[in-house]
Amino acid sequence: MGSRIEIDRCVCYDVRFETLKCALDERPRTLDEIRSEFGCMDCCGMCRPYIERMLETGETVFHQIILPQDV
Ligand code: FES
(Lines give C-alpha, C1' and ligand atoms only; values in the text may rest on other atoms or scores of the structure.)
Protein backbone atom coordinates (compact mmCIF):
# COMPACT_ATOMS: atom_id res chain seq x y z
CA MET A 1 0.00 0.00 0.00
CA GLY A 2 1.69 3.22 -1.12
CA SER A 3 1.04 6.66 0.14
CA ARG A 4 0.98 9.45 -2.36
CA ILE A 5 1.65 12.98 -1.31
CA GLU A 6 -0.96 15.53 -2.20
CA ILE A 7 -0.13 19.21 -1.93
CA ASP A 8 -3.13 21.37 -2.69
CA ARG A 9 -2.89 24.45 -0.54
CA CYS A 10 -0.92 27.07 1.32
CA VAL A 11 -1.00 25.35 4.69
CA CYS A 12 -0.07 28.45 6.69
CA TYR A 13 -3.20 30.31 5.54
CA ASP A 14 -5.28 27.27 4.54
CA VAL A 15 -5.82 28.62 1.03
CA ARG A 16 -6.43 25.90 -1.55
CA PHE A 17 -4.64 26.41 -4.87
CA GLU A 18 -7.94 25.64 -6.60
CA THR A 19 -9.58 28.55 -4.76
CA LEU A 20 -6.67 30.77 -5.66
CA LYS A 21 -6.81 29.72 -9.32
CA CYS A 22 -10.54 30.53 -9.52
CA ALA A 23 -9.88 33.99 -8.08
CA LEU A 24 -7.01 34.54 -10.51
CA ASP A 25 -9.10 33.35 -13.45
CA GLU A 26 -11.59 36.10 -12.57
CA ARG A 27 -8.90 38.71 -12.06
CA PRO A 28 -5.20 38.06 -12.58
CA ARG A 29 -2.90 39.25 -9.80
CA THR A 30 0.82 39.56 -9.31
CA LEU A 31 2.62 37.45 -6.70
CA ASP A 32 2.74 40.53 -4.44
CA GLU A 33 -1.00 41.03 -4.82
CA ILE A 34 -1.62 37.35 -4.05
CA ARG A 35 0.52 37.70 -0.94
CA SER A 36 -1.23 40.79 0.36
CA GLU A 37 -4.75 39.61 -0.49
CA PHE A 38 -4.60 35.92 0.45
CA GLY A 39 -1.61 35.78 2.77
CA CYS A 40 0.03 33.00 0.76
CA MET A 41 3.85 33.14 0.67
CA ASP A 42 3.86 35.53 3.63
CA CYS A 43 4.74 33.01 6.34
CA CYS A 44 7.01 30.03 5.59
CA GLY A 45 6.96 30.67 1.83
CA MET A 46 6.90 26.95 0.98
CA CYS A 47 3.80 27.47 -1.17
CA ARG A 48 5.51 29.91 -3.51
CA PRO A 49 6.99 27.39 -5.97
CA TYR A 50 3.60 25.63 -6.15
CA ILE A 51 1.82 28.90 -6.85
CA GLU A 52 4.39 29.75 -9.50
CA ARG A 53 3.90 26.30 -11.06
CA MET A 54 0.11 26.76 -10.90
CA LEU A 55 0.44 30.07 -12.75
CA GLU A 56 2.55 28.32 -15.41
CA THR A 57 0.54 25.15 -15.90
CA GLY A 58 -2.88 25.60 -14.28
CA GLU A 59 -2.27 22.61 -11.98
CA THR A 60 -3.78 22.95 -8.51
CA VAL A 61 -2.86 19.59 -6.95
CA PHE A 62 0.75 18.43 -6.82
CA HIS A 63 2.12 14.98 -6.09
CA GLN A 64 5.75 15.89 -5.84
CA ILE A 65 7.86 18.26 -3.78
CA ILE A 66 8.66 21.41 -5.74
CA LEU A 67 11.55 23.48 -4.50
CA PRO A 68 12.15 27.15 -5.37
CA GLN A 69 14.98 26.20 -7.72
CA ASP A 70 12.63 23.86 -9.63
CA VAL A 71 10.46 26.66 -11.04
S1 FES B 1 2.57 27.34 3.03
FE2 FES B 1 2.06 29.30 2.27
S3 FES B 1 3.14 30.68 3.56
FE4 FES B 1 3.53 28.72 4.42
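Is Met41 buried or exposed, going by its C-beta neighbours inside 10 Å? Met41 counts as buried, because it has 22 such neighbours. The model is predicted. In this model Met41 belongs to the largest nonpolar core, which has nine residues in all, and helices H1 and H3 each supply at least two residues of that core. The points below cover the core, the packing of H1 against H3, two residues of H3, and two exposed positions.

**Nonpolar core**

- The largest nonpolar core consists of Cys10, Phe17, Leu20, Ile34, Cys40, Met41, Cys47, Tyr50 and Ile51.
- At least two of these residues come from H1, which spans 17-26, and at least two from H3.
- Leu20, a member of the core, touches Val15, Ile34, Phe38, Cys40 and Ile51, leaving aside residues up to four places away in sequence.
- Met41 sits in the loop that runs between helix H2 (31-38) and H3.
- The phi angle of Met41 is positive, near 75°, although the residue is not a glycine.

**Packing of H1 against H3**

- The axes of H1 and H3 come within 11 Å and cross at roughly 45°.
- H1 is therefore oblique to H3, since an angle of this kind falls outside the ranges for roughly parallel (under 35 degrees), roughly perpendicular (65 to 115) and roughly antiparallel (over 145).
- The crossing of H1 past H3 is right-handed.
- On the H1 side the contact is made by Phe17, Leu20 and Lys21, and on the H3 side by Tyr50, Ile51 and Met54.
- Five residues of this contact are nonpolar, one is charged and none is polar.
- Phe17, Leu20, Tyr50 and Ile51 take part in the contact and are also among the residues of the core.

**Pro49 and Arg53 in H3**

- Pro49 is placed in helix H3, residues 48-57.
- Pro49 counts as partly exposed because it has 18 C-beta neighbours inside 10 Å; the buried class begins at 20.
- Not counting residues up to four places away in sequence, Pro49 touches Ile66, Leu67, Pro68, Asp70 and Val71.
- Val71 is 22 residues from Pro49 in sequence, and the two C-alpha atoms are 6.2 Å apart.
- Arg53 also lies in H3 and, with 17 C-beta neighbours inside 10 Å, counts as partly exposed.
- The contacts of Arg53, with residues up to four places away left out, are Glu59, Ile66 and Val71.
- Ile66 and Val71 thus appear in the contact lists of both Pro49 and Arg53.
- Arg53 and Thr19 are 34 residues apart along the chain, and 15 Å separates their C-alpha atoms.

**Exposed positions**

- Asp14 is found in the loop between strand E1 (9-10) and strand E2 (15-16).
- Asp14 counts as exposed, because only 9 C-beta neighbours lie inside 10 Å and the exposed class takes in residues with 12 or fewer.
- Asp14 has a positive phi of about 50° and is not a glycine.
- Ile5 is located in the segment before E1.
- With 8 C-beta neighbours inside 10 Å, Ile5 counts as exposed.
- Ile5 and Thr57 are 52 residues apart in sequence, and their C-alpha atoms are 19 Å apart in space.

Definitions and conventions:
Residues numbered from 1 in each chain as written. Predicted model: local features only at pLDDT ≥ 70, side-chain atom pairs only at ≥ 80, totals over all residues. Helix = DSSP H or I, 4+ residues; strand = E, 2+ residues; numbered from the N terminus. Contact = placed C-beta atoms within 7 Å. Core = buried A, V, L, I, M, F, W, Y, C linked by C-beta atoms within 7 Å. Axes fitted to C-alpha atoms, helices over the stretch in contact; angles between N-to-C directions. Left-handed = near helix turned anticlockwise from the far one by under 90°. Nonpolar A, V, L, I, M, F, W, Y, C, P; charged D, E, K, R; others polar.
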